[in-house]
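Please open the model in your viewer and keep the selection panel at hand. The stops below go from one selection to the next, with a short account of what is there.

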Amino acid sequence: MLCTRLTNARFLTMDPDHPVAHELGIWRGRIVGLDDAVAALPAREVIDLQGATVLPGFIDSHVHLPWTGFKQNTASMAGCTRIDDALAVVAEAVARKNSPGSWVSIVGYDQRALGRHLTAADLDGVGRGHKLYVLHDSGHGCVVNTAVLDLLPADVPHENGFLAEGAMGAARALRLPYSQEELAESIGRAARTCLAEGITACAEAGIGGALFGHTPVELGAYQLAREKGLLPLRVQLMVSADRLRPVGAHEADGIPKALDLGLRTGFGDDWLSVGALKIFTDGGMMARTAALSAPYEGMGHAGQLQDDPDVLTRSIVDGHLAGWQLAVHAIGDRAADVALDALEEAQRLRPRPDARHRIEHAGLIRPDQLPRFARLGISAVVQPNFLRYFGDDYATIMGEERAPWLYRGRGFLDHGITLVGSSDRPVTDGSPLRAVQFMVERASESGRRIGPDEAITVDEALYAYTVAGAHACRWEDSAGSLTPGKRADLVVLADDPRRVDVSRIGDIEVVATYVDGREARGAIGAAG
């Protein structure tokens, strides 16, 4: 007897052997058959989906759940276009604090909307003795007041209180760690948001590190979230490369650095596992710190690498030698050069044909770099909604020649490169359906077409958020398609993305999200 049979729906399975189905059977959280194979079988529960469209649950291959959850509960200056209004948000947050000298966090900061960066002096005017930390929306910078600057080592660089990249990490280190309870609650809030958008699995893009980590025992917070029923979807954890340390392993192992006990990619289970090793090579375009091979349009600089190229190369090679899948953050084309050179060297030293290394973001990729991606078998994990919401700005700072190379689609696919969809939430909107719409339209919110030749089909965009996401996270045996034997993780939509006008895809209603064969309502339930 089936646990559940879903009927009267259009199942877009993403499985070429059975691309469309109308009935689906579930037993103990797994798909056991489609159409005639299950239509006559008895089931404890038969659910009539009333003509809805069903897809495999979306996979968001690059997210920041704790940051998302904290952002949802933190004072925000998002939407402010005047310095005075932004400072009023800070003043209000300070007024709610009872203990002088405590930390006050603000999110939603973007200097582009304000016309200039906030300064330490600006913040001093409303700080009232508190330590102020205003996080840039990119996650690659922050503004602090003098009370924080006075605590930093004298050699930490800043511009009137704005700290970028590693300097920001120094400020973060002053206030860490968060408690595991705080983190678990934050993870749960973010996970529920993901579920509402049809996401059933995601990859957390860097725990434990100086830039995005929240505590040296951050993995334990995810375990706690799961134990408390706060983890309603599947999560794979990328570990920050700065958590590795030299080890005295046997010379035959060839492992120069590792996590304690040799923990690496693949450890865990269907709900919570260790994924790739996260390595940063540059910053971000919002903060103008992505490393380019030529200056930003109208600016006198070309961004910055996170470290000397030789140091970055060593980190990438060491991670590969230790057996990790690598997720290399590279937004600018200069950073991509460093990543490609290092990955090529790593494979030369120890060939691993199925390493499945990934470049996260791949924000600006020159035409000559595409064949190298393909030759090395690297996946491109992109964030289409960056251009949907920030595309006008990004295209302007790249200039006419480079703008078509931003967050490519067609260029990757035509070279045989696995194109993977993701959000980088909370940097911007995490909706897979809105991202799919952009990948087809290549239009920003203002209607500006950005790299129209990089447009792909609806089917190809859906593939990026299902099958390709499963491949990038090594879940292809259990997720990514509605295939018998795989997990019954799926999303029920009010309309078929392939049949509505492209301009409506992003607004399609997510009717329900199923995880392990049961409709997910914010906590792990028993298998269906």
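Begin by selecting Arg175 and Tyr133 in this predicted model, where the charged end of Arg175 sits over the ring of Tyr133, 5.6 Å from its centre. Then select Arg234 together with Trp271, since another charge is placed over a ring here: the charged end of Arg234 lies 4.5 Å from the centre of the Trp271 ring.

Before going further, colour the model by pLDDT. The mean for the protein is 94, and 98% of the residues reach 70 or more. Residues 523-528 deserve a separate selection, as pLDDT stays under 50 over this stretch, for which the model has 20 contacts beyond four places in sequence. Where pLDDT is low, the predicted coordinates should not be read in detail.

**The four-stranded sheet**

Now select strands E7 (103-109), E8 (131-136), E9 (141-144) and E10 (162-164). Together they make an open sheet in the order E7-E8-E9-E10, with mixed pairing. Its edge strands are E7 and E10, each of which pairs on one side only, and the twist from one strand to the next averages 25°.

Walk across the sheet starting at E7, which pairs with E8 in the parallel sense over 5 bridges; at this pairing Tyr109 stands opposite His136 of E8. Continuing from E8 to E9, the sense is antiparallel, with 3 bridges, and here Val134 stands opposite Val143 in E9. The hairpin of these two strands has 4 residues between them, and within the hairpin Gly139 takes a positive phi near 80°. From E9 to E10 the pairing is again antiparallel over 3 bridges, and Leu163 in E10 is the bridge partner of Cys142.

Which residues of E9 lie on each of its two covered faces? Gly141 and Val143 are on one side, Cys142 and Val144 are on the other, and all of them are buried.

Add the helices to the view. Helix H3 (residues 83-95) lies across E7 and E8, running at about 150° to E7. Helix H7 (residues 166-173) also packs on the sheet, where it touches E7, E8, E9 and E10, and its direction makes about 110° with that of E10.

**Strand E6 and helix H9**

Next select strand E6 (residues 58-63), which is mostly covered, with 6 of its 6 residues buried. Strand E11 (residues 199-207) runs parallel to E6 and is joined to it by 4 bridges; one place to zoom in is Val63, whose bridge partner in E11 is Glu204.

From E11, move on to helix H9 (residues 218-227), in which Glu218, Gly220, Ala221, Tyr222, Leu224 and Ala225 are buried. The elements that cover these buried residues include helices H2 (65-72) and H8 (180-196), together with E11, strand E12 (234-240) and strand E15 (272-280). Following the chain past H9 brings you to Gly229, which has a positive phi near 75°.

**Aromatic pairs**

How many aromatic pairs does a search of the whole structure find? The search finds 5. To look at one of them, select Phe386 and Phe390: their ring centres are 6.1 Å apart and their planes meet at 45°, so the pair is tilted. Both residues lie in helix H13 (residues 384-402), 4 residues apart, about one turn of the helix. An α-helix has 3.6 residues a turn, so residues three or four places apart point the same way. Phe386 and Phe390 are both buried, and extending the selection to Tyr394 and Tyr407 shows the one aromatic cluster that these four residues form.

**Backbone details in loops**

Finish with the backbone. The peptide bond from Arg425 to Pro426 is cis, with omega near 10°, and Pro426 has its place in the loop between strand E19 (419-421) and helix H15 (432-441).

Arg128, in the loop between helix H5 (120-127) and E8, has phi near 50°, a positive value in a residue other than glycine. Is Arg128 buried or exposed? Arg128 is exposed, because its relative accessible area is 62% and the cut-off for exposed is over 50%.

The last selection is Arg474, in the loop between helix H17 (467-472) and strand E20 (490-493). Arg474 has a positive phi of about 60° although it is not a glycine, and at 34% relative accessibility Arg474 counts as partly exposed.

Notes:
Residues are numbered from 1 along each chain as its sequence is written. This is a predicted model: local features need pLDDT of at least 70, side-chain atom pairs count only at pLDDT 80 or more; totals for chains, interfaces and linings use all residues. Side-chain values use heavy atoms; hydrogens and water are left out. Rings of Phe, Tyr and Trp (its six-membered ring) pair if their centres lie within 6.5 Å; planes under 30 degrees apart count as stacked, over 60 as edge-to-face and the rest as tilted. Buried means under 20% relative accessible area, exposed over 50%, partly exposed in between (1.4 Å probe, protein chains only). A charge sits over a ring if NZ of Lys or CZ of Arg is within 6 Å of the ring centre and within 35 degrees of the ring normal. Two strands pair if DSSP finds at least two bridges between them. Contact means heavy atoms within 4.5 Å. pLDDT is the predictor's confidence in each residue, from 0 to 100. Axes are lines fitted to C-alpha atoms, for helices over the stretch in contact, and angles run from 0 to 180 degrees between N-to-C directions.
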